[in-house]
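I opened a new notebook page for this protein chain. My plan is to go from the overall fold to single side chains and write down what I find.

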Amino acid sequence: TRGGTMAPVDTKAREAASRELDVHHDEMAFSYLRFANMQRAQQLKELLQNFDYFKESRLGGDENLTPEEVVVLFDGLYEALKSDAFQNLQRISRSTVILLRQLFGQAEDARFLLEVDTSALEDEMLLKVAEKMEEECDKKHEPRAALPEAVGKPKMKLVSLESRKEADSLLVESAQLKLDLAEKDKELEQAAREKAALQTQLEEALAQAAAAAQGGSSPAKSPGDEKTPNALRARRMGG
């Protein structure tokens, strides 16, 4: 506040309030400024009307006023101005609430929660930014040409959820799916190790079978084959 200690402004809030807006949002800001300027002009007009009424109705004669009468006149003017000023400030506050409710309603439709940093409303740097915008608004404001779609900011399409509970449920389900996926990866790794071990055992068994088959391929000799040539010759002679 002016003349007092001002609360520190959150850095993110300052950056959000001072950054360049999207073309559409920029136009909405200027539209609100034009509305506020129109309301201010109307309020000043009503204020001047109070002065005119005071001069015509209370100071229209040529008579001299005593100090007491002057005090009474100023007290009446003070009460009239005080009432009008209070009503005007009250209207501004209510209009601001209506504006905030519009923004909050649109955010809730997209399942977003917005926050308001009231300390930023008194930040001198941000007030200067608003002052420059107001100066541009007082001139003939021409909307800026929109950037081509290819080089413009990407527009994010939000999925409308039924409720925040459903969104939380989806987050829980997503976390559970990640855990299940990690468990499946472990099972696949274990199955791969078992497959490699079985493959090794099969190769060893085939090698042993091949070696055994090669060792038993020579024909076995019968007992008759062990007879000497002399014995065969003697048998023939006896025959």
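**Entry 1: the whole chain.** I began with burial. Of the 239 residues in the protein chain, 9% are buried. I keep in mind that this is a predicted model. Next I looked up the secondary structure. The chain has 6 helices and 0 strands. Read along the sequence, the pattern is α-α-α-α-α-α.

**Entry 2: helix α3.** I checked the length of α3, which runs over residues 67-109. How far apart should the ends of its 43 residues be? At 1.5 Å a residue, the expected span is 63 Å. I then looked up the end C-alpha atoms, and they are 63 Å apart, so the two values agree. The count of steps is one less than the count of residues, which is how the expected span is worked out.

I also listed the buried residues of α3. They are Leu73, Leu77, Asn88 and Ala107. Asn88 comes up again in Entry 4.

**Entry 3: after α3.** I followed the chain out of the helix. Arg111 comes after α3 and has a positive phi, near 60°. I noted that Arg111 has this phi although it is not a glycine. Where does Arg111 lie? I found Arg111 in the loop between α3 and α4. Is Arg111 buried, exposed or partly exposed? Its relative accessibility is 35%, so I wrote down partly exposed.

Ser119 lies in the loop between α3 and α4 too, with α4 covering 124-138. Its relative accessibility is 10%. Buried means under 20%, so Ser119 counts as buried. I looked for a partner of its side chain. The Ser119 side chain makes a polar contact with the side chain of Asp117, at 2.5 Å.

**Entry 4: Arg40 and its surroundings.** I searched for salt bridges next. The structure holds 2 of them. My reminder on the idea: side chains of opposite charge can pair when their charged atoms come close.

One salt bridge joins Glu134 and Arg40, with the closest N and O atoms 2.8 Å apart. Glu134 sits in helix α4 and Arg40 in helix α2, so the pair ties together parts that are 94 residues apart in sequence. I looked up the accessibility of Arg40 as well. At 40%, Arg40 counts as partly exposed.

I then checked what else lies around Arg40. The side chains of Asn37 and Arg40 are joined by a polar contact of 3.0 Å. Asn37 is in helix α2. Buried or exposed? Asn37 is buried, with a relative accessible area of 14%.

I added two C-alpha distances. Asn37 and Glu134 are 8.6 Å apart in space, though 97 residues apart in sequence. Arg40 and Asn88 are separated by 8.9 Å, with their positions 48 residues apart along the chain.

**Entry 5: the other salt bridge.** Glu187 and Lys184 meet in a salt bridge through their side chains, at 3.9 Å from N to O. Where are the two residues? I found both in helix α5, residues 164-215. They are 3 residues apart, about one turn of the helix. That fits the general rule I looked up: an α-helix has 3.6 residues a turn, so residues three or four places apart point the same way. Glu187 is partly exposed, at 43% relative accessible area.

**Entry 6: aromatic rings.** How many aromatic pairs does a search of the whole structure find? I got 1. The rings belong to Tyr32 and Phe35, with centres 6.3 Å apart and planes at 40°, so the pair is tilted. A tilted pair falls between the stacked limit of 30 degrees and the edge-to-face limit of 60.

Tyr32 and Phe35 are 3 residues apart in helix α2, residues 23-58, and are therefore separated by about one helical turn. I checked accessibility for each ring residue. Tyr32 is partly exposed at 32%. Phe35 is partly exposed at 34%.

**Entry 7: a surface patch.** Last, I looked over the surface. Leu44, Leu47, Leu48 and Phe51 form a nonpolar patch there. Together they have about 350 Å² of accessible area. I placed one of them: Leu44 lies in helix α2.

Terms used: Residues are numbered from 1 along each chain as its sequence is written. This is a predicted model: local features need pLDDT of at least 70, side-chain atom pairs count only at pLDDT 80 or more; totals for chains, interfaces and linings use all residues. Side-chain values use heavy atoms; hydrogens and water are left out. Rings of Phe, Tyr and Trp (its six-membered ring) pair if their centres lie within 6.5 Å; planes under 30 degrees apart count as stacked, over 60 as edge-to-face and the rest as tilted. Helices (H or I, at least four residues) and strands (E, at least two) are DSSP runs, numbered from the N terminus. Buried means under 20% relative accessible area, exposed over 50%, partly exposed in between (1.4 Å probe, protein chains only). A polar contact is a pair of N or O atoms within 3.5 Å; within protein, one must be able to donate a hydrogen and the other to accept it, and residues adjacent in sequence count only if both atoms are side-chain atoms. Patches are made of residues with over 30% relative accessible area and no salt bridge: like charges are joined within 9 Å, nonpolar side chains (Val, Leu, Ile, Met, Phe, Trp, Tyr) within 5 Å. Accessible areas come from the Shrake-Rupley method with a 1.4 Å probe; for residues, only the protein chains shown count as cover. A salt bridge is a side-chain nitrogen of Lys or Arg within 4 Å of a carboxyl oxygen of Asp or Glu.
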